[in-house]
Amino acid sequence: MTTAEHPTALTSLRRARELFLRGQQPPDGVPDDVLAAWKRARFFGVRHDVGDPAPEAASGTADSPLLAAARPVLDRIAGTFGGGDTSLVLTDARLRVLWASGFAPDHHCRDLSEELVGHNSAALALQTHRRAEVHGPEHFLDRWQDVSAVSVPVRAPETGEAVGTVTVATGLCGGGGEGPGYGPHPGAPLAEAVAAAVETELLSRSRAAERALLDAYLRASGEKGHAVVALDGRNRLVSEAAGRMLSPEGLEALERRAVALIRESGSGRPTALADGPDGSAQPTRLPDGPEGTGSLTPVSHQGSVIGAVAMLESSGCPAPVTADRRDLGLAGRSVPWRHAVGRALELATSSEPLLLVGERGTGKTSLARELAADALLVDAAETELGTHADVLRTGRPLLIRHVERLAPPDTATLNSLLAAHPNVPLLATYTPGAPPGPCLQRLLDTLAARSVTLPALRERPEDIRELLTSLTPSPQPGRPPLAWSLDALRALERHPWPGNVTELAHLVRTLAEHRRTTGPVRRTELPDAVREGPAPRPLTPMELAERSTILDALHLHGGNKARAAASLGIARATLYRKLRGYRV
């Protein structure tokens with residue numbers, strides 16, 4: 001909370017700051033967050049009377065992607081600050097100043113981190129993930145005692161993470177601060193508008209770069225059967241042949257090489273993979289996969305390396321024979337899944353009963369079919385067991401799905417059969433739910449010694465990417481395979497998946513059948529529950545009040561967001577961010 005929202009007069013706050021700087025206890029009435037900020041500055045060793053806290057220009061800022069996207073926006077409005085008392089500043093996520101224009105050069109610093117300059121609106125905006133204002137004596141530095149500033153975070157269009165801030169600074173608001181408080185900073189609409197324009201430019205550049213990567217992938221793929229991977233650190237395009245050659249660990253290692261190539265190209269240093277001035281890459285051994293070689297070629301867009309395409313070649317050794325990738329019974333490399341599958345395979349070597357336990361959709365039936373391909377399948381949720389149990393006497397395996405749904409007479413039949421013939425080849429799946437009755441409990445006790453519990457998908461998120469490869473159907477002729485952006489993959493890995501693999505399979509099938517756009521699947525294309533992640537923390541009373549006010553404004557204006565934003569006195573981009581934050 002700033003003095004623009006707090007009744008403490010500026011004169012009192014100035015006196016409180018002077019007492020604090022002399023090491024005395026400030027009087028009551030100083031906002032808690034302001035006092036905490038002053039204490040942090042003292043802890044960091046910031047001098048309140050310092051000149052320019054960062055005399056040396058920060059390295060690496062000239063090539064900042066944020067600055068490249070923001071410069072066209074900033075240059076268009078830079079001329080409006082010629083003789084006024086307003087300053088406009090752009091920082092990156094580390095609060096390094098990338099661009100500044102406007103009044104009083106001595107008000108500008110090259111780094112706005114709290115460790116160097118103490119409390120300021122840019123640092124506060126990154127901490128709170130929302131617009132922030134700091135006025136006059138709320139600042140720790142002497143040089144900013146007559147400055148009011150408002151900052152707005154700039155968010156990455158794909159992930160929503162803050163990549164920088166836009167700050168508008170003016171002379172002290174409120175005519176000297178003798179009144180009881182301030183209204184919103186007059187530069188807030190400008191800061192909001194600039195941040196929104198920069199975000200739009202970031203989105204445009206991101207889509208163009210992804211299209212360039214896709215085009216390079218399609219050119220390299222050529223005829224069907226070529227093993228090609230295109231990577232940019234956020235997206236992966238993997239051909240079917242490359243998917244067979246590379247393990248998930250090998251793909252991760254190849255992605256690390258591609259990211260290193262992008263970074264080295266951007267730094268101006270010669271790349272480790274370059275073989276000549278044309279930027280071609282020398283063959284490099286495939287990590288953690290079948291014996292083979294690969295070449296990694298940079299993909300350029302607008303003069304910058306934005307990704308790499310890997311052409312993979314087998315060394316001639318036959319690839320190991322594996323099960324069909326679409327068989328979900330054995331898909332997954334996480335420790336919990338491998339442990340469960342290994343235990344099930346061990347128990348299945350003998351023709352004795354086996355019970356597979358797990359939540360719905362965890363792959364119990366798929367694993368059971370993998371263990372006994374010739375088993376007779378009976379779904380207790382759809383049909384009665386009847387005489388199907390007699391097949392066990394012939395030595396043919398019997399697979400009973402949803403054993404918890406068996407009718408009591410069928411459960412009693414199984415109990416009697418197992419008592420007389422304990423070594424019959426019975427496989428059963430059980431989904432825990434309501435407390436079992438005595439007859440079912442007896443059956444579960446009989447099978448308990450030879451039972452395996454399969455982990456839920458939320459307990460093995462590292463298997464999501466391999467499952468996506470297994471679940472994704474073959475693309476239609478002329479269309480690239482379904483690929484996933486990094487932000488979409490992270491959202492999938494964070495989702496709790498109450499329906500487990502079955503729920504994931506339904507999502508993939510729906511996207512493959514109904515998606516009309518090209519390029520990797522973005523997080524914005526995922527269902528709301530998956531895109532927004534796990535349930536957020538409970539809202540504070542102030543946040544609940546703000547959310548209620550926003551909903552009332554939307555209702556008053558018939559859902560028109562532009563009019564609702566205008567009535568609330570905020571920019572439309574701010575309203576959209578708050579709607580996302582409050583999941584409205």
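## Trp497 and His129

Trp497 is buried, with a relative accessible area of 1%. In this predicted model, Trp497 is found in the loop between α14 (486-494) and α15. Its phi angle is near 50°, which is a positive value in a residue other than glycine.

His129 also has a positive phi, near 60°, and is likewise a residue other than glycine. The residue belongs to the loop between α5 and β3 (132-135). With a relative accessible area of 47%, His129 is partly exposed, whereas Trp497 is buried.

## The chain as a whole

The chain contains 19 helices and 16 strands. It has 584 residues, and 46% of them count as buried.

Contacts across the sequence can be described by separation. Among contacts between residues at least 6 apart in sequence, 62% join residues at least 24 apart.

## Helices α13 and α15

Two packed helices are described by the angle between their axes and the distance between the axes. For helix α13 (residues 464-471) and helix α15 (residues 500-514), the axes come within 10 Å and cross at roughly 55°. An angle from 35 to 65 degrees is neither roughly parallel nor roughly perpendicular, and α13 and α15 are therefore oblique to each other. The crossing of α13 past α15 is right-handed.

On the α13 side, the residues that meet α15 are Ile464, Leu467, Leu468 and Leu471. Their counterparts in α15 are Val501, Leu504, Ala505 and Val508. Helix α13 is mostly covered, as 7 of its 8 residues are buried. The contact residues Ile464, Leu467, Leu468 and Leu471 are among the buried ones. The buried residues of α13 also include Arg465, Glu466 and Ser470.

## Aromatic rings and charges

The model has 2 aromatic pairs. In one of them, Phe20 and Trp38 have ring centres 5.6 Å apart and planes at 40°. Planes under 30 degrees apart would count as stacked and planes over 60 as edge-to-face, so the pair of Phe20 and Trp38 is tilted. This pair links distant parts of the chain, with Phe20 in helix α1 (residues 10-21) and Trp38 in helix α2 (residues 32-44), 18 residues apart. Phe20 is buried at a relative accessible area of 4%, and Trp38 is buried at 0%.

Phe20 also has a charged neighbour: Arg42 lies over the face of its ring, at 4.0 Å from the ring centre. A second such arrangement involves Arg460, whose charged end sits over the ring of Trp337, 4.0 Å from its centre.

## Ala122

Ala122 is part of helix α5 (residues 121-128). Its relative accessibility is 1%, under the 20% limit, so Ala122 counts as buried.

Leaving aside residues up to four places away in sequence, Ala122 touches Leu95, Leu112, Ser151, Thr165 and Thr167. Ala122 and Val150 are 28 residues apart in sequence, while their C-alpha atoms are 7.6 Å apart in space.

Notes: Residues are numbered from 1 along each chain as its sequence is written. This is a predicted model: local features need pLDDT of at least 70, side-chain atom pairs count only at pLDDT 80 or more; totals for chains, interfaces and linings use all residues. Side-chain values use heavy atoms; hydrogens and water are left out. Rings of Phe, Tyr and Trp (its six-membered ring) pair if their centres lie within 6.5 Å; planes under 30 degrees apart count as stacked, over 60 as edge-to-face and the rest as tilted. Helices (H or I, at least four residues) and strands (E, at least two) are DSSP runs, numbered from the N terminus. Buried means under 20% relative accessible area, exposed over 50%, partly exposed in between (1.4 Å probe, protein chains only). A charge sits over a ring if NZ of Lys or CZ of Arg is within 6 Å of the ring centre and within 35 degrees of the ring normal. Axes are lines fitted to C-alpha atoms, for helices over the stretch in contact, and angles run from 0 to 180 degrees between N-to-C directions. Angles under 35 degrees count as roughly parallel, over 145 as roughly antiparallel, 65 to 115 as roughly perpendicular and the rest as oblique. A crossing is left-handed if the near helix is turned anticlockwise from the far one by less than a right angle, and right-handed if clockwise. Contact means heavy atoms within 4.5 Å.
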